[in-house]
Amino acid sequence: MPELPEVETTRRGLAPWLEGQRIAQIVVRVPRLRWPVPPEFAGLLPGARVTALERRAKWLLLRTDRGTALLHLGMTGSFRVLREHRPPAVHDHLDIVTGDGVTVRFNDPRRFGSVLWTADDPALHPLIAPLGPEPLGDDFTVEYLRGRSRKRSVAIKPHIMNAQIVVGVGNIYASEALFRARIHPARAAGRVALPRLEALVAAIREVLAESIRDGGTTLRDFYNGEGQPGYFSRRLRVYDRAGSPCVECGAPVRQMVLGQRSSYYCPRCQR
Ligand SMILES: [Zn+2]
């Protein structure tokens, strides 16, 4: 499932082909993904000029002078850039064709991806307005996290995976960040000491930034039509390593279930 780093990598891969372009044509081959594709998408985009391709949480915001398309990759969605005409393959549900003749093609075998439309400020959209701050943005600080964690008895791991607290911290990134910050995943959020919270904010930023950096090396895949992510896997220190020795102390990594998600941690390094 595409996580925040894959979505950011997608944004960086697509932006140079879309920003500043006038859209020539929209092709909708499948009218319903997770929700019906809104009529404005095919009706308003042809002729519109793309002012920016932004990201908020795992949404891509295709901003134009006529409104904003909100695009979500869902479970299996991916985009690629085609510089010459190629017939659509199975699961190629949508095309955005620019004035330069470039096709940005959306493929999604499981159809959990989404296309929505808003004429207003996308920050006010009901799916975006309730979201917590961006983990790599200036609003995600230790003061902020401390305020949101005070007196909370929820375990710290599901706490940081809650998109209303902070967006984009998926299961792998939560496990890895807690290991780097030396915090036990089941510790109550309100009982994490300030220096540990400080380390956690830094670690969340670090693991996501590293993953985005790794993704940069896969950008060329957008042009050759592969684009499959998962590039963070070689950096994993605890995730999916139950029974293997901790890279710091050698104790066997343990696994537990928290909030219905598998969590991995070192019982010696993380308290
Ligand atoms: Zn350890």
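User: Which residue forms a salt bridge with Asp92, and how far apart are the closest N and O atoms?

Analyst: In this predicted model, Asp92 forms a salt bridge with Arg105, and the closest N and O atoms of the two are 3.9 Å apart. The pair links distant parts of the chain, since Asp92 lies in strand E6 (residues 92–98) and Arg105 in strand E7 (residues 103–107), 13 residues apart. Both Asp92 and Arg105 are buried.

User: How many salt bridges does a search of the whole structure find, and which residues are linked in a network?

Analyst: The search finds 15 salt bridges. A network of salt bridges links Glu8, Arg11, Arg12, Arg55, Arg56 and Glu134. Within it, the side chains of Glu8 and Arg55 meet at 2.7 Å, N to O. These two residues come from distant parts of the chain, Glu8 from helix H1 (residues 4–18) and Arg55 from strand E2 (residues 50–56), with their positions 47 residues apart, and both of them are buried.

User: With Asp214 and Arg235, which partner is buried and which is partly exposed?

Analyst: Asp214 and Arg235 form a salt bridge whose closest N and O atoms are 2.7 Å apart. Here too the pair links distant parts of the chain, 21 residues apart, with Asp214 in helix H6 (residues 194–216) and Arg235 in the loop between helix H7 (221–224) and strand E9 (254–258). As for accessibility, buried means under 20% relative accessible area; Asp214 is at 5% and therefore counts as buried, whereas Arg235, at 28%, is partly exposed.

User: How should I read the zinc site, and what are its donor residues?

Analyst: One reads the donors, then the angles, then the spacing in sequence. The zinc ion is coordinated by the SG atoms of Cys246, Cys249, Cys266 and Cys269, at 2.2 to 2.4 Å. The angles among the four donor atoms run from 100 to 113°, and the site is tetrahedral. Along the sequence the donor residues follow the spacing C-x2-C-x16-C-x2-C. Of the donors, Cys246 is buried, with a relative accessible area of 5%, while Cys249 is partly exposed at 29%.

User: Which residues of helix H3 are buried, and why can they be said to line one face?

Analyst: In helix H3 (residues 142–149) the buried residues are Val142, Leu145 and Ser149. Seen down the axis of H3, these buried residues fall within an arc of 65°, so they line one face of the helix. Lys151, which follows H3, has a positive phi, near 65°.

User: How many aromatic pairs does the structure hold, and how are their planes arranged?

Analyst: The structure holds three aromatic pairs. One of them, Phe79 with Phe106, is tilted, with 4.9 Å from centre to centre and 45° between the planes. That pair links distant parts of the chain, Phe79 being in strand E5 (residues 78–82) and Phe106 in strand E7, 27 residues apart, and both rings belong to buried residues. Phe140 and Tyr144 form an edge-to-face pair, at 6.4 Å centre to centre and 65° between the planes; Phe140 is buried, at 0% relative accessibility.

User: Finally, where is Thr68, and which residues does Thr68 touch?

Analyst: Thr68 lies in strand E4 (residues 67–72) and is buried, with a relative accessible area of 5%. Leaving aside residues up to four places away in sequence, Thr68 touches Leu61, Leu62, Arg63, Leu116, Trp117, Thr118 and Pro122.

Methods
Residues numbered from 1 in each chain as written. Predicted model: local features only at pLDDT ≥ 70, side-chain atom pairs only at ≥ 80, totals over all residues. Heavy atoms only, no water. Salt bridge = Lys/Arg side-chain N within 4 Å of Asp/Glu carboxyl O. Helix = DSSP H or I, 4+ residues; strand = E, 2+ residues; numbered from the N terminus. Buried < 20%, exposed > 50% of the residue type's maximum accessible area, 1.4 Å probe, protein only. Arc of directions from axis to C-beta. Contact = heavy atoms within 4.5 Å. Donors = N, O, S within 2.8 Å, 3.2 Å for Na, K, Ca; no water. Tetrahedral: all angles 85-135°; square planar, octahedral: opposite > 155°, others 65-115°. Phe/Tyr/Trp six-rings, centres within 6.5 Å; stacked < 30°, edge-to-face > 60°.
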